[in-house]
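Colleague: I'm still learning to read structures. Could you pick one part of this model, look at it closely with me, and then show how it connects to the rest?

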Amino acid sequence: MTDVTVEFGGITALSGVGLTVGSGEILGVIGPNGAGKTTLFNVACGLVRPQAGSVVRSGEPIARLRPKDLPQLGMSRTLQGLGLFDRMSVLDNVMVGADHLSTTGVVGALLGLRSAGRDTAGLRDRALGVLVELGIDRHASRYPPSLPYAVRKKVALARALVSEPTLLLLDEPASGLSDAEMDDLAATMRSLTTRMSILLVEHHMDLVMSVCDHLVVLDFGKVIARGTPDLVRRDPAVLAAYLGDEVEREG
Ligand SMILES: Nc1ncnc2c1ncn2[C@@H]1O[C@H](COP(=O)(O)OP(=O)(O)OP(=O)(O)O)[C@@H](O)[C@H]1O
């Protein structure tokens, strides 16, 4: 992103924000409540269009990024609300994430269109492969409402992975997870970096500090610090921003 500014009415949610997710790196975006993290994530996935600045992918500015353009750009996202289909099996939920790779469409296959059969066999294999990678293949034929939250989160991640993105956008993937589940998520994220970059927006400091290569810290819509977790952790501007947040909450 270069020089991205977003205003909602009179509120400046982002002001001249620039960041780069390097190849194979995990870039974390952190900041106190209201700092602009969600807005930044929404700009990255085309849900919010900035008033100024641009989103650049592989050196090319993207004129009007929309969420449906993400697969063609080698991008994929998970959202805080998991957005799984309750009446579809885990495997079908994951296959939906790869719809653009199929000529007839997964939806066509799910509707029983015969022409879609051969086309989706490959996608089914790929979806199963991702479920195996995430250790949830035994749940392939289950329905999301019958599964624990952590497993449903993995299904949502699997759906984002099946399109084989080279840039994965994760919005608060650790929310609602136990410490052990978070360790598992961290290991998964690290292993994914062999084939993709990750932009991580996350509140949970332990995860951010342990898994990210670099961090960008927002406060009141501006970048107040950037660098390795070790550097950012000791930055006085970051400490002051978070301390202010604590004081406000306690008050
Ligand atoms: N749709 C909107 N309309 C008006 N103001 C908005 C809108 N979305 C965000 N804002 C404002 O923009 C600022 C940044 O909000 P944003 O949700 O991006 O911050 P955040 O860092 O994600 O916060 P949190 O950690 O609380 O989720 C806030 O002042 C927020 O009130």
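Modeller: Gladly! Let's start with helix α1, where Lys37, Thr39, Leu40, Phe41, Asn42, Val43 and Ala44 are buried. That makes seven buried residues out of eight, and α1 is mostly covered. Here, buried means that 20 or more other C-beta atoms lie within 10 Å of a residue's own, exposed means 12 or fewer, and partly exposed is anything in between, with C-beta atoms placed from the backbone. Helices (H or I, at least four residues) and strands (E, at least two) are DSSP runs, numbered from the N terminus.

Two notes before we go on. Residues are numbered from 1 along each chain, as its sequence is written. The model is predicted, so to speak of local features we need pLDDT of at least 70, and side-chain atom pairs count only at pLDDT 80 or more, while totals for chains, interfaces and linings use all residues.

Now back to α1, which spans residues 37–44 and, like β2 (11–17), supplies at least two residues of the shell around the ligand. In fact α1 gives the most to that shell, with three residues. The full list of residues around the ligand is Phe8, Gly9, Ile11, Ala13, Gly31, Asn33, Gly34, Ala35, Gly36, Lys37, Thr38 and Thr39. A residue gets onto this list if its C-beta atom, placed from the backbone, lies within 6 Å of the molecule. By class, the shell has four nonpolar, seven polar and one charged residue. In this scheme Ala, Val, Leu, Ile, Met, Phe, Trp, Tyr, Cys and Pro count as nonpolar, Asp, Glu, Lys and Arg as charged, and the others, Gly among them, as polar.

Leu40, one of the buried residues of α1, takes us in another direction. Not counting residues up to four places away in sequence, Leu40 touches Leu14, Val17, Val29, Val201 and Leu218. Touching means being in contact: the two C-beta atoms, placed from the backbone, lie within 7 Å. Leu40 is also listed with Val94, Leu200 and Val217 as having the most contacts inside the largest nonpolar core, a set of 60 residues. Such a core is made of buried Ala, Val, Leu, Ile, Met, Phe, Trp, Tyr and Cys residues joined through C-beta atoms within 7 Å. As a general rule, nonpolar side chains in soluble globular proteins tend to be buried together.

Which helix gives the most to this core? It is α5 (residues 149–161), with six residues. Domain 1 (1–74 + 165–251) and domain 2 (85–164) both contribute residues, so the core lies between them. Those domain bounds come from an automatic or database domain assignment. Of the 13 residues of α5, 10 are buried, so the rest of the structure largely encloses this helix. Among the buried ones are Arg152, Lys153, Val155, Leu157 and Leu161. At 1.5 Å a residue, α5 should span 18 Å, and its end C-alpha atoms are 18 Å apart, which agrees. The expected span is 1.5 Å times one less than the number of residues.

Past α5, in the loop leading to β7 (167–171), sits Glu164. Glu164 has a positive phi of about 55° although it is not a glycine. For comparison, most residues other than glycine have a negative phi. With 14 other C-beta atoms within 10 Å, Glu164 is partly exposed.

A positive phi brings us home to our first helix: just after α1, Gly46 has one of about 85°. The C-alpha atom of Gly46 is 8.3 Å from that of Asp69, although the two are 23 residues apart along the chain. Asp69 lies in the loop between β5 (60–62) and β6 (75–78). Asp69 has 14 C-beta neighbours inside 10 Å, so this residue counts as partly exposed.

Finally, step back to the whole protein chain, which has nine helices and 10 strands. Buried residues make up 37% of its 251 residues.
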